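Dear colleague,

Please find below the structure I wished to hand over to you. My notes on what was found in it follow the display, and I would be grateful if you could read them with the model open.

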Amino acid sequence: MNQYSINSINKVKRISKKADYSKKTIHQIIDEALFCHIGIIHNDKPIVIPTIHARMDDQLIFHGANASRLIRTSDQSNICVTITLLDGLVMARSHFHHSMNYRSVVLFGKAEIISDELERMDAFKAITEHVAPGRWNDARKPNEVELKQTAVLKMPIDNASAKISAKFPTDEDDDYALDYWAGIIPVNQSYGEPENDPDLKDGIELPEYLKNYTRD
Ligand SMILES: Cc1cc2nc3c(=O)[nH]c(=O)nc-3n(C[C@H](O)[C@H](O)[C@H](O)COP(=O)(O)OP(=O)(O)OC[C@H]3O[C@@H](n4cnc5c(N)ncnc54)[C@H](O)[C@@H]3O)c2cc1C
C-alpha cells in the first residue's frame, strides 16, 4: 500500500484538498524536518514537547534522558506527533485571507521503549544520521554510562496525514481591485558556513559530508 488508510482520527476536514495520505509525501516531510513536536497526556493534562526524531522505515524514532517526562510518559502510551516545514508567508488583500504555505504531518500511535540492544544501536544511529548523514561513523560511539542514561523509543507510522499548502492568496472577488500588495514571501531554511570549535585539535579538517549542508 502506497497510502495510509483514512479514518476518523487522521482525516483532514477543513480544505481537505490539501490533504495527502501517501507514504512517499509523509516520509519526505518527516525526513526533511530536523525535529518534531510530541504531544503527550501527563497527569490528565496535554503537554507538547519539541524533540529530534528519525525515521526507520515505518517507525518514528526519538530519544531522551530516561528521567525526562517526555520519555517516561511516552512509553506504552498513545502520543501525537506533528512536524511542520514552513515554505512561505501568504499576504492577501484582506487580513482574513492571509495564511502560510507549509508541508505538515500529524502522526498518531503508541510509543514504546526499544529494549533490544542491536535495535537500540540502529535507532541511535538513525537519529545521528538523520541530522547529518555520515556522522555516525565519524564520532565516538556511546559508552555504557551514556547508553544507560538514554532511552530510545519507536512508534509505528501507520496512522498519518499530511497537509500541504502551496498557493498564492485566494482573495474575495471584489478585493482584487484593492490597492494592496499581495503575494508570497518564500521561507527557506538555510545553513551557514561551519565554524570550528575553538578547542578543535590542530590539523582536523571539516569532513566532506558536512560541507554545503542542506536538507532538501
Ligand atoms: C504553519 C501552519 C499554520 C496554520 N495556521 C492556521 C490558522 O491560523 N488557523 C487554522 O484554522 N488553521 C491553520 N493551520 C491548519 C491547521 O493545521 C489545521 O489543518 C486546521 O485547524 C484545520 O483542521 P481541521 O478542523 O480540518 O481538522 P482537525 O479536526 O483539527 O484534524 C483532523 C485530522 O486532520 C489531520 N490534520 C489536520 N491538520 C493537519 C495538518 N496541518 N497537517 C497534517 N494533518 C493535519 C490530522 O490527522 C487530524 O487528526 C495551519 C497549519 C500550519 C502548518
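**The ligand shell**

Of the 16 residues around the ligand, those that come nearest are K13, R14, S104, S161 and K163. Three elements give two or more residues each to this shell, namely β5 (77–91), β6 (99–113) and β8 (159–165). The most is given by β6, which provides five residues. Sorted by class, the shell holds eight nonpolar, four polar and four charged residues. Please bear in mind throughout that this is a predicted model.

**Overall architecture**

The protein chain has four helices and nine strands. Their order along the sequence is β-α-β-β-β-α-β-β-α-α-β-β-β. The C-alpha trace spans about 65 × 50 × 35 Å along its principal axes. Of the 216 residues in the protein chain, 19% are buried. Among contacts with a separation of 6 or more, 70% are between residues 24 or more positions apart.

**Strand pairing**

I begin with the strands on either side of β3. Strand β2 (residues 35–42) runs antiparallel to strand β3 (residues 45–56), and eight bridges join the two. Within this pair, C36 stands opposite T51 in β3. The two strands form a hairpin with two residues between them. Strand β3 is also joined to strand β4 (residues 59–65), again in the antiparallel sense, by four bridges. Here R55 has L60 in β4 as its bridge partner. The hairpin of β3 and β4 likewise has two residues between the strands, and D57 takes a positive phi near 50° there.

The other pairings in my notes involve β5. Three bridges join β5 to β2, and the two strands run antiparallel; I38 stands opposite V81 in β5. Strands β5 and β6 are paired in the antiparallel sense over 13 bridges, and T84 stands opposite S104 in β6. S104 has already appeared above as one of the residues that come nearest to the ligand. Finally, β5 is joined by four bridges to strand β9 (residues 183–186), which runs antiparallel to β5, with I184 in β9 as the bridge partner of V90.

**The nonpolar core**

In soluble globular proteins, nonpolar side chains tend to be buried together. In this model the largest nonpolar core has 31 residues, and L60, V105 and L153 have the most contacts inside it. Strand β7 (residues 150–156) supplies the largest share of this core, with four residues. Which residues does V105 touch, not counting residues up to four places away in sequence? They are I26, I29, I30, T82, I83, A160 and A162. L60, for its part, is the bridge partner of R55 described above.

**Helix α3**

Helix α3 (residues 117–131) has 15 residues and reaches 22 Å from its first C-alpha to its last, close to the 21 Å expected at 1.5 Å a residue. Its buried residues are A123, F124, A126, T128 and H130. The elements that cover them include β3, β4 and β7.

V131 is also found in this helix. With 14 other C-beta atoms within 10 Å, V131 is partly exposed. Leaving aside neighbours within four places in sequence, V131 is in contact with L34 and I52. Although V131 and L34 are 97 residues apart along the chain, their C-alpha atoms are separated by 6.5 Å.

**Backbone points to inspect**

Most residues other than glycine have a negative phi, and most peptide bonds are trans. Against that background, two residues may be worth your attention.

I15 has a positive phi of about 50° although it is not a glycine. I15 is found in the segment before β1 (19–20). Is I15 buried or exposed? I15 has 10 other C-beta atoms within 10 Å and therefore counts as exposed, the limit for that class being 12 or fewer.

N43 also has a positive phi of about 50° without being a glycine. N43 lies in the loop between β2 and β3, in the turn of the hairpin described earlier. N43 is exposed as well, because it has 7 C-beta neighbours inside 10 Å.

With kind regards

Terms used: Residues are numbered from 1 along each chain as its sequence is written. This is a predicted model: local features need pLDDT of at least 70, side-chain atom pairs count only at pLDDT 80 or more; totals for chains, interfaces and linings use all residues. A residue is near a molecule or strand if its C-beta atom, placed from the backbone, lies within 6 Å of it. Ala, Val, Leu, Ile, Met, Phe, Trp, Tyr, Cys and Pro count as nonpolar, Asp, Glu, Lys and Arg as charged, and the others, Gly among them, as polar. A nonpolar core is a set of buried Ala, Val, Leu, Ile, Met, Phe, Trp, Tyr and Cys residues joined through C-beta atoms within 7 Å. A residue is buried if 20 or more other C-beta atoms lie within 10 Å of its own, exposed if 12 or fewer, and partly exposed in between; C-beta atoms are placed from the backbone. Two residues are in contact if their C-beta atoms, placed from the backbone, lie within 7 Å. Two strands pair if DSSP finds at least two bridges between them. The expected span of a helix is 1.5 Å times one less than its number of residues.
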